[in-house]
Structures are given as C-alpha cells and as structure tokens.
Amino acid sequence: MKLLTVNFLTCAVKGCKGSAASFPLHFADAELEQREIGYNPTFLSNILPRLDWDAITTTALELGFTNLPATKPDGSFETEDEHKVMRDLHTLLMETEVIEGKMVCRNCGHEYQIKDGIANFLLPNHLGASRRIAVAEWT
C-alpha cells in the first residue's frame, strides 16, 4: 500500500463520520518496503494541491521520515531546496509501501489490518451501516 493512498483514507466506522480524529489513520507495527520508481515531477506538481499537508507530515514523522518541511511546498521547482523536498516527497509517497501492519483510527480505535500491502476496510456488521442489501437470486 503506497503512502500516497493514506492521504485519501478516513475511518469507515459509522460513528466516525465527521470526526476530525478519524483522519489521518495512524500506522502501527508497520513493515515498510521501498521500491524505486521513476521520478515524475509533473505528477507531484499535479497531486500537491490535493494533499492534506498536515496529514502527510504526521504520517511521515510517525514512520521516521523527518525531511519534509512543516509547510507545503508550492511545486514551483525554482530552487535546489524545492527540488530536494519534491524528491523526498516522491520517495515517501510513491516509493514507500506498507507491506504489513495496521492503520488505527484515533477517534474510535478501530484497526485496519494490512497484509501483503493490502488494507482490509471491511467492517464487522455492528460497526458498519445499518442497512442490509438484498442479494438477487440468479437462475
């Protein structure tokens, strides 16, 4: 599971809807793996406005990445420092994957297991929506 994905996930538990503590989900017992992929500054410039910078820096610090600045870069690539920040961001978001572990909601404490790089967001019935969906019989 690439770390970029985490910036777009929130707790799926019904009682967490609208709670600020349900985002971002926090990693626990995370086993990380880095896989080098081609650097794409255009992609980073396009995704940068969509990123919640506070969530990105929180996740980065929790996982031991300390090189991101406190303020979001503007993506202009005008200085050498800006290039370095964007390279570090690329490494964090695109090359770093969580292989095993869990994500935890700070609001309700629910844990989402991650196995083989895939997060399980299926909820037990008592935590999910109260409606049931009928399954049609195929004959």
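**Reasoning from values to terms**

Tutor: By class, the lining of the largest cavity has 7 nonpolar, 2 polar and no charged residues. The model is predicted.

Student: Which residues line the largest cavity?

Tutor: The lining is made up of L3, V6, N7, P24, A55, I56, T59, L92 and L93. Two or more residues each are given to this lining by α1 (3-6), α3 (53-62) and α4 (80-95). The most comes from α3, which gives 3 residues.

Student: What makes N7 and T59 polar in that count, and L3 nonpolar?

Tutor: Leu is on the nonpolar list, so L3 is nonpolar. Asn and Thr are on neither the nonpolar nor the charged list, and therefore N7 and T59 count as polar.

Student: How many cavities of 30 Å³ or more does the structure hold?

Tutor: There is 1 such cavity. The volume of the largest cavity is about 60 Å³.

Student: Which residues of α3 are buried, and against what do they pack?

Tutor: The buried residues are W53, A55, I56, T57, T59 and A60. They pack against α1, β1 (26-34) and α4.

Student: What caps the N-terminal end of α3, and what follows the helix?

Tutor: D52 is the cap, with a side-chain oxygen 3.2 Å from the backbone nitrogen of D54. After the helix comes G64, whose phi is positive, near 90°.

Student: Why is H26 called buried?

Tutor: The relative accessibility of H26 is 8%. Buried means under 20%, so H26 meets the term. This residue is found in strand β1.

Student: What makes the pairing of H26 with E62 a polar contact?

Tutor: The two side chains come to 2.5 Å. The cut-off for such a pair of N or O atoms is 3.5 Å, so the distance falls within it. H26 also touches T58, K102, M103, V104 and R106, among residues over four places away in sequence.

Student: How do you know that C11 is in no disulfide?

Tutor: The count of disulfides comes to 0. For C11, the nearest cysteine sulfur is that of C105, 3.7 Å away. A disulfide needs the sulfur atoms within 2.5 Å, so C11 does not qualify.

Student: Does C16 meet or fail the disulfide cut-off, and what is the distance to the nearest cysteine sulfur?

Tutor: C16 fails, because the sulfur of C108 is 3.5 Å away and the limit is 2.5 Å.

Student: Why are C11 and C16 called buried?

Tutor: C11 has a relative accessible area of 1%, and C16 has a relative accessible area of 1%. Buried means under 20%, so C11 and C16 are buried.

Conventions. Residues are numbered from 1 along each chain as its sequence is written. This is a predicted model: local features need pLDDT of at least 70, side-chain atom pairs count only at pLDDT 80 or more; totals for chains, interfaces and linings use all residues. Side-chain values use heavy atoms; hydrogens and water are left out. On a 1 Å grid over the protein atoms alone, a cavity is a set of points where a 1.4 Å probe fits but cannot get out, and a pocket is an open set with protein on both sides within 12 Å along at least five of seven lines; lining residues have an atom within 4 Å of a point. Grid points are joined across faces, edges and corners, and a volume is the space filled by probe spheres set on the points. Helices (H or I, at least four residues) and strands (E, at least two) are DSSP runs, numbered from the N terminus. Buried means under 20% relative accessible area, exposed over 50%, partly exposed in between (1.4 Å probe, protein chains only). Contact means heavy atoms within 4.5 Å. A polar contact is a pair of N or O atoms within 3.5 Å; within protein, one must be able to donate a hydrogen and the other to accept it, and residues adjacent in sequence count only if both atoms are side-chain atoms.
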